[in-house]
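Q: Please take one part of this structure and look at it closely, for someone who has not seen the structure before. I would like to know what surrounds that part, and then how the surrounding elements are arranged.

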Amino acid sequence: MENRTKIVLGLAAAGVVAYLVFRPKKSASQTNFSGDAVPKILKDWKDNFDNKRLEEITNNYTPDGILVSTFGDILNGRNEIKDYFARLFKKDNLSVDYLGNPYVKDFKDVKVYTGLYQFNYLENGKMNNVKARYSFISQDIDGKTYIFKQHSSIAN
């Protein structure tokens with residue numbers, strides 16, 4: 001994919017997230033969770049990530065899901081998402097921790113989760129802790145919740 005297309009897709013995704021999160025809408029509700037009350041889709045994603053469950057984390061996404069990844073590129077569909085996690089899961093002592101509670105905006109058809117997390121991994125004998133901002137957009141399909149858009153970027 002050309003760089004220009006990637007930039008346009010990234011900007012479009014960021015615009016959609018900003019629009020969904022900040023637009024006024026009477027039928028939407030918002031929740032800030034306290035303690036361990038993290039939504040199930042985020043718990044499942046973290047559990048699959050921390051345990052390097054490649055098939056399971058891939059299946060957290062819709063077949064045509066998009067992941068703007070922290071340590072890579074814009075990924076389209078489960079095959080590219082799976083390849084990304086297969087490479088990432090080679091890191092030693094890999095885990096992710098949510099920093100604080102997610103902000104959740106609940107719309108009629110989708111939910112938007114935003115917040116911060118930290119990736120932890122061992123590289124060249126040194127423990128690395130990389131903080132990043134995330135946005136997950138989920139949708140329920142046939143009674144199961146899937147991620148259909150995710151954006152993650154390093155927070156300096």
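A: The part chosen here is helix α4, and in this predicted model the cover over its buried residues includes α2, α3 (54–58), β2, β3 and β4. The residues of α4 that are buried are G77, I81, Y84, F85 and L88. They lie on the same side of α4, because the arc they cover around the axis is only 95°. The general background is that an α-helix has 3.6 residues a turn, so residues three or four places apart point the same way. On the face of α4 that is turned away from this buried side, the exposed residues N79 and R87 are found. As for its length, α4 is made of 12 residues and reaches 17 Å from its first C-alpha to its last, which is close to the 16 Å expected at 1.5 Å a residue.

It helps to place this helix within the whole protein chain, whose secondary structure consists of four helices and seven strands. Along the sequence these follow one another in the pattern α-β-α-α-β-β-α-β-β-β-β. The protein chain has 156 residues, of which 40% count as buried. Among its contacts with a separation of 6 or more, 55% are between residues that are 24 or more positions apart.

Of the elements that help to cover α4, strand β2 can be followed next. Strand β2 (residues 61–68) is itself mostly covered, since six of its eight residues are buried. It pairs with strand β3 (residues 74–76) in the antiparallel sense, over three bridges, and the two strands form a hairpin with five residues between them. Within this pairing, L67 has L75 in β3 as its bridge partner.

Strand β2 also pairs with strand β7 (residues 144–154), here in the parallel sense and over four bridges. Two positions show how these strands are set against each other: I66 stands opposite K149 in β7, and V68 stands opposite H151 in β7. Strand β7 in turn is joined by 10 bridges to strand β6 (residues 126–141), and these two run antiparallel; in that pairing S138 stands opposite I147 in β7. Strands β6 and β7 form a hairpin with two residues between them, and D142, which is in the turn, has a positive phi of about 50°.

Helix α2 is another of the elements over the buried residues of α4, and one of the salt bridges belongs to this helix. The side chains of D44 and K40 meet there, at 2.7 Å from N to O. These two residues are four apart in helix α2 (residues 40–50), which means that about one helical turn separates them. D44 counts as partly exposed, at 27% relative accessibility, whereas K40 is exposed, with a relative accessible area of 60%.

A further salt bridge brings together the side chains of R53 and D47, at 2.5 Å from N to O. R53 is partly exposed, with a relative accessible area of 29%, and D47 is partly exposed as well, with 36%. In addition, K46, D50 and D97 are linked in a network of salt bridges.

The loop that comes after α4 takes part in a salt bridge too, for the side chains of E123 and K91 meet at 3.4 Å from N to O. E123 lies in strand β5 (residues 110–123), and K91 lies in the loop between α4 (77–88) and β4 (92–106), so this pair ties together parts that are 32 residues apart in sequence. E123 counts as partly exposed at 37% relative accessibility, and K91 counts as partly exposed at 21%. Over the whole structure, the search finds six salt bridges.

To return to the helix itself, α4 has a buried side formed by G77, I81, Y84, F85 and L88, while N79 and R87 are exposed on the face turned away from that side.

Technical notes. Residues are numbered from 1 along each chain as its sequence is written. This is a predicted model: local features need pLDDT of at least 70, side-chain atom pairs count only at pLDDT 80 or more; totals for chains, interfaces and linings use all residues. Side-chain values use heavy atoms; hydrogens and water are left out. Buried means under 20% relative accessible area, exposed over 50%, partly exposed in between (1.4 Å probe, protein chains only). Contact means heavy atoms within 4.5 Å. A salt bridge is a side-chain nitrogen of Lys or Arg within 4 Å of a carboxyl oxygen of Asp or Glu. Two strands pair if DSSP finds at least two bridges between them. The expected span of a helix is 1.5 Å times one less than its number of residues. The arc is that of the directions from the helix axis to the C-beta atoms.
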